[in-house]
Amino acid sequence: MHEIGLCEGLVDLIHNQAAGRPVASARVRVGARHAVVEEAFGQAFTIAAAGTAAQDAVIDLVIVPATIECVACGGRSESMDALAACPACGSGDVSVSGGDELVLESVWFGGEGTAADVPGHSR
């Protein structure tokens with residue numbers, strides 16, 4: 001379950017943003033090439049966040065597709081599959097870009113009505 005490693009890093013970032021405040025939720029954008037399973041990610045976050053200000057936080061996980069360009073037919077499309085093939089011709093000879101991001105977009109703190117944007121990361 002590689003999701004635990006991703007979540008450990010996210011919990012560290014959230015901890016730094018929280019500065020002791022309880023965290024209600026956080027929005028995370030992760031690329032399809034990470035092959036994250038949403039349920040496993042939620043479980044991994046619960047484990048990584050145990051005993052921290054984020055232990056009761058709800059995670060809003062947004063999975064972003066990769067862009068594939070087919071060398072054989074020139075087609076271009078998006079794919080949620082980490083091992084993409086061209087949907088037009090079926091060729092595996094594709095160039096893959098994007099879909100590899102892992103971004104903590106915002107953190108919502110308990111008792112507050114606004115989110116704190118994470119510096120250096122746009123929505």
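Tutor: A strand, in the sense used here, is a DSSP run labelled E of at least two residues, numbered from the N terminus. Keep in mind that this is a predicted model. With that, we can place Cys70: this residue lies in strand E3.

Student: What makes E3 a strand under that rule?

Tutor: E3 takes in residues 66-70. The rule asks for at least two residues, and E3 has 5.

Student: Why is Cys70 called buried?

Tutor: Its relative accessibility is 6%. Buried means under 20%, so Cys70 qualifies. Strand E3 as a whole is mostly covered, with 4 of its 5 residues buried.

Student: How do you know that E3 and E4 pair?

Tutor: Two strands pair if DSSP finds at least two bridges between them. E3 and E4 have 4 bridges, in the antiparallel sense, so the condition is met. One example is Glu69, whose bridge partner in E4 is Arg76. The hairpin of these strands has 5 residues between them, and Gly74 there takes a positive phi near 80°.

Student: How do you know that E3 pairs with E5?

Tutor: The same test applies: at least two bridges are needed, and 4 join E3 to E5, which run antiparallel. Across that pairing, Ile68 stands opposite Val96, and Cys70 stands opposite Val94.

Student: Why do E4 and E5 count as edges of the sheet?

Tutor: The open sheet has 3 strands in the order E4-E3-E5. E4 and E5 each have a single partner strand, so one side of each is left without a neighbour in the sheet. Neighbouring strands are turned by 30° against each other on average, direction ignored.

Student: Which residues does the UniProt "binding site" annotation cover?

Tutor: The record, an unreviewed entry, lists Cys70, Cys73, Cys86 and Cys89.

Student: What makes these residues a cluster in space?

Tutor: They are spread over 20 residues of sequence, yet the largest C-alpha distance is 8.6 Å.

Student: How do you know that Cys86 is in contact with residues further along the chain?

Tutor: Contact means heavy atoms within 4.5 Å. Not counting residues up to four places away in sequence, Cys86 touches Ile68, Cys70, Cys73, Ser91 and Val94. With that exclusion, Cys70 has contacts including Cys86, Cys89 and Gly75.

Student: Is Cys86 buried or exposed?

Tutor: Cys86 sits in the loop between E4 and E5. At 6% relative accessibility, against a limit of under 20% for buried, Cys86 counts as buried.

Student: Why is Asp81 called partly exposed?

Tutor: Its value is 45%. Exposed needs over 50% and buried under 20%, so Asp81 falls in between. Asp81 is in the loop between strand E4 (76-79) and strand E5 (94-97).

Student: What makes the link from Asp81 to Leu83 a polar contact?

Tutor: The Asp81 side chain reaches the backbone nitrogen of Leu83 at 3.0 Å, and the cut-off is within 3.5 Å.

Student: What is notable about the phi of Ala19?

Tutor: Most residues other than glycine have a negative phi. Ala19 is not a glycine, yet has a positive phi of about 50°. Ala35 also has a positive phi, near 50°.

Student: Why are Ala19 and Ala35 put in their accessibility classes?

Tutor: Ala19 stands at 66% and counts as exposed, because the class begins over 50%. Ala35 has 39% and is partly exposed.

Conventions
Residues are numbered from 1 along each chain as its sequence is written. This is a predicted model: local features need pLDDT of at least 70, side-chain atom pairs count only at pLDDT 80 or more; totals for chains, interfaces and linings use all residues. Side-chain values use heavy atoms; hydrogens and water are left out. Buried means under 20% relative accessible area, exposed over 50%, partly exposed in between (1.4 Å probe, protein chains only). A polar contact is a pair of N or O atoms within 3.5 Å; within protein, one must be able to donate a hydrogen and the other to accept it, and residues adjacent in sequence count only if both atoms are side-chain atoms. UniProt positions are given in the numbering used here, feature names are shortened, and annotations may be inferred rather than shown by experiment. Axes are lines fitted to C-alpha atoms, for helices over the stretch in contact, and angles run from 0 to 180 degrees between N-to-C directions.
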